[in-house]
Amino acid sequence: MAKSNKPIFWSLFAAGGTLAAFLAPALAVLFLMATLGHAPGMLTYAGLHAFAAGWFGKLFLMGVVTLFLWHAAHRLRVTMHDFGLRQDSVVAVVVYAIAALGTISTLVSLLSIK
Amino acid sequence: MSRKPYVREVSKTGWFLKHPRYMRYMSREVTCIPIGAFALLLVCALERLSQGQAAFDSFMAAITGPGAFISLLVVVLFATYNATNWFNVTPKAMPVQIGEEFLAGKYIVGAHYAVWAIASLVVLIVAGVF
């Protein structure tokens, strides 16, 4: 059987989509409040720093941010094809590279918060 | 080939405008754009958080105002639309078989909506909205 890396990206897409379905609306509402100048306690420096300093906060933020990224990257790759952009290998490299850079950036940021 | 084959002309870019079902498919797929943008916003927020209070406060100040409000409203709406679509297909994505019978889809969908409501409430409470 031919080797394929599709299951890896697809499972990240599915896991990210499920996590996004459960959490993205509520998380986005927090930022929506912040745009009105009414940031909830978690979106102040003290609140978010305290949350990200703990191991649970680190795991939660790492899981949420990276799975959202990989979900969107894989779905965008397919959607670009649907919109008529047929250079799939180029699209795949671009979207997965952005997701990978975001993953590394999130890891570095979280590890430096003590 | 001696006969001229029939080739149905299909637009590569506008094909989904031909049928409401294709439009609904594309409307589900494009939810990934605001969700991806939101994920990148979170990446930036955490980077600025790691740089200290001044950096984080200026970041949060930068995402106030009408433009940011409209953008985040789009994220909220598309994320909610993705959630309803995601949960509505769960009976097909993971059917639950009990003996000879399959559990009715409404229970699987209902359970997901219930968990969604609880999870959203927990996020809002923990974040200090109330």
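Me: How far apart are the centres of domain 1 and domain 2 of chain B?
Reply: In this predicted model, the centres of domain 1 of chain B and domain 2 of chain B, taken over C-alpha atoms, are separated by 23 Å.

Me: Where are the bounds of those domains?
Reply: The domain assignment of chain B puts domain 1 at 15-88 and domain 2 at 96-130.

Me: What secondary structure does chain B have, and in what order?
Reply: Chain B has 6 helices and 2 strands. Read from the N terminus, the order is α-α-α-α-α-β-β-α.

Me: Compact or spread out?
Reply: Chain B is more spread out than a compact globule, because its radius of gyration is 22 Å and the globule rule gives 14 Å for 130 residues. Along the principal axes, its C-alpha atoms fill a box of roughly 75 × 50 × 25 Å.

Me: Switching to the interface. How many residues of each chain are in contact?
Reply: 48 residues of chain B contact 50 residues of chain A.

Me: Which helices of chain B supply at least two residues of that side?
Reply: Helix 1 (20-29), helix 2 (32-50), helix 3 (53-62), helix 4 and helix 6 (105-126) of chain B. Helix 2 of chain B gives the largest share, 13 residues.

Me: And by class?
Reply: The side of chain B that touches chain A has 34 nonpolar, 10 polar and 4 charged residues.

Me: What does helix 2 of chain B do with helix 3 of chain A?
Reply: The axis of helix 2 of chain B and that of helix 3 (residues 55-82) of chain A come within 8 Å and cross at roughly 145 degrees. The crossing is left-handed. Among the residues making the contact are Phe68(A), Leu69(A), Ala72(A) and Arg75(A) from helix 3 of chain A, and Ile35(B), Gly36(B), Ala39(B) and Val43(B) from helix 2 of chain B. By class, this contact has 15 nonpolar, 3 polar and 1 charged residues.

Me: Now helix 1 of chain A against helix 4 of chain B. What angle and what axis distance?
Reply: Helix 1 (residues 6-35) of chain A and helix 4 (residues 66-88) of chain B pack at about 160 degrees, with axes 8 Å apart. That angle makes helix 1 of chain A roughly antiparallel to helix 4 of chain B.

Me: Left-handed or right-handed crossing?
Reply: Left-handed.

Me: Which residues make that contact?
Reply: Helix 1 of chain A contributes residues including Gly17(A), Ala21(A), Pro25(A) and Leu32(A). From helix 4 of chain B, the residues include Leu72(B), Val76(B), Asn82(B) and Trp86(B).

Me: How many charged residues there?
Reply: No charged residues; the contact of helix 1 of chain A with helix 4 of chain B has 18 nonpolar and 5 polar residues.

Key
Residues numbered from 1 in each chain as written. Chains lettered and ligands numbered in written order. Predicted model: local features only at pLDDT ≥ 70, side-chain atom pairs only at ≥ 80, totals over all residues. Axes fitted to C-alpha atoms, helices over the stretch in contact; angles between N-to-C directions. Helix = DSSP H or I, 4+ residues; strand = E, 2+ residues; numbered from the N terminus. Parallel < 35°, antiparallel > 145°, perpendicular 65-115°, else oblique. Left-handed = near helix turned anticlockwise from the far one by under 90°. Contact = placed C-beta atoms within 7 Å. Nonpolar A, V, L, I, M, F, W, Y, C, P; charged D, E, K, R; others polar. Domains from an automatic or database assignment. Rg over C-alpha atoms; globule rule 2.2 N^0.38 Å.
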